[in-house]
Amino acid sequence: MSVLEISRGVWVATGEAPAGRLTPGDLAAARGRPAWRAHQILRGRALLRGLLAEVAPGSAAEPVVAGHNGKPVLAGRSRPGISISHDEEHTVVAVAHGRRVGVDVQVPPRRVGHSMVRRCAAPYANRLYRMPAHLRHTVFTEIWTVQEACVKTEGSGIGGCPWSIDVPPHLDHGDWHGLCWRKVRDLIDVPVACAWEATP
């Protein structure tokens, strides 16, 4: 398991979690799901449990429940913020002491259409179009992961219109509506972003 503290009290992790940390509630959450989804759920929960054991051990076994708009939250009293994201074989989790947090991982697509660029990164579209295609796809995906992390943090999801969040392609960190965001580098080889409340 690889762990980065990206800001004071805000951690992001990926990789294989130590075995044996799943709770009966975690197993129940995967029961009856298609095999691929059950594997995804258990991988995410195991990684979350591993990170909690390192940074918030008193919360490591607390039940995960659905909060506002289905955002996962811990049911215990200590309530560090949590977030889990999957894409293809990648799983990333985040924990933040005393504040909401959102994390997103995305594998760059083979092609990013003009309508997606115009919708999610309109002020920077000309700059993106001047990039070689493979770089443009990666930079666009970095923008999208930040936008997704922000709406995950506030619990609004797609209803929060993530594409309207201004994310300059040349910046690795910024803020939006009382949240801080950061493109997480050096964790895995695909874009990851995390957002969290600026103050607990």
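**Figure 1. M116 counts as partly exposed, at 37% relative accessibility.** Here, partly exposed is the band between buried (under 20% relative accessible area) and exposed (over 50%), using a 1.4 Å probe and protein chains only. M116 sits in helix α3, residues 114–121. Helices here are DSSP runs of H or I with at least four residues, strands are runs of E with at least two, and both are numbered from the N terminus. Leaving out residues up to four places away in sequence, M116 touches A121 and F140, where contact means heavy atoms within 4.5 Å. What separates the C-alpha atoms of M116 and A195? They are 22 Å apart in space and 79 residues apart along the chain.

A quick word on the model before the next views: this one is predicted, so local features need pLDDT of at least 70 and side-chain atom pairs count only at pLDDT 80 or more, while totals for chains, interfaces and linings use all residues. Residues are numbered from 1 along each chain as its sequence is written, and side-chain values use heavy atoms, with hydrogens and water left out.

**Figure 2. The whole protein chain, for orientation, has five helices and 10 strands.** Its C-alpha trace spans about 50 × 40 × 30 Å along the principal axes. The radius of gyration is 17 Å, which agrees with the value near 16 Å that a compact globule of 200 residues would have; this radius is taken over C-alpha atoms, and the globule rule is 2.2 Å times the number of residues to the power 0.38. Of the 200 residues, 49% count as buried. Look at contacts with a separation of 6 or more, and 53% of them come from residues 24 or more positions apart.

**Figure 3. Q40 is a buried residue in helix α2 (residues 35–55).** Its relative accessible area is 16%, so Q40 falls on the buried side. Which side chain does Q40 pair up with? R37: a polar contact of 2.6 Å joins the two side chains. A polar contact is a pair of N or O atoms within 3.5 Å; within protein, one must be able to donate a hydrogen and the other to accept it, and residues adjacent in sequence count only if both atoms are side-chain atoms.

**Figure 4. L4, in strand β1 (residues 2–7), has contacts from far along the chain.** L4 counts as partly exposed, at 29% relative accessibility. Setting aside neighbours within four places in sequence, its contacts are V10, W11, V12, V184, R185, D186 and L187. For V184 the C-alpha to C-alpha separation from L4 is 8.8 Å, with their positions 180 residues apart along the chain.

**Figure 5. D186, one of the contacts of L4, has a positive phi near 60° in a residue other than glycine.** D186 lies in the loop between β9 (179–183) and β10 (192–197). Buried or exposed? D186 is exposed, with a relative accessible area of 77%.

**Figure 6. E88 has a positive phi of about 50°, although it is not a glycine.** The place of this residue is the loop that links β5 (81–87) to β6 (90–96). At 59% relative accessibility, E88 counts as exposed.
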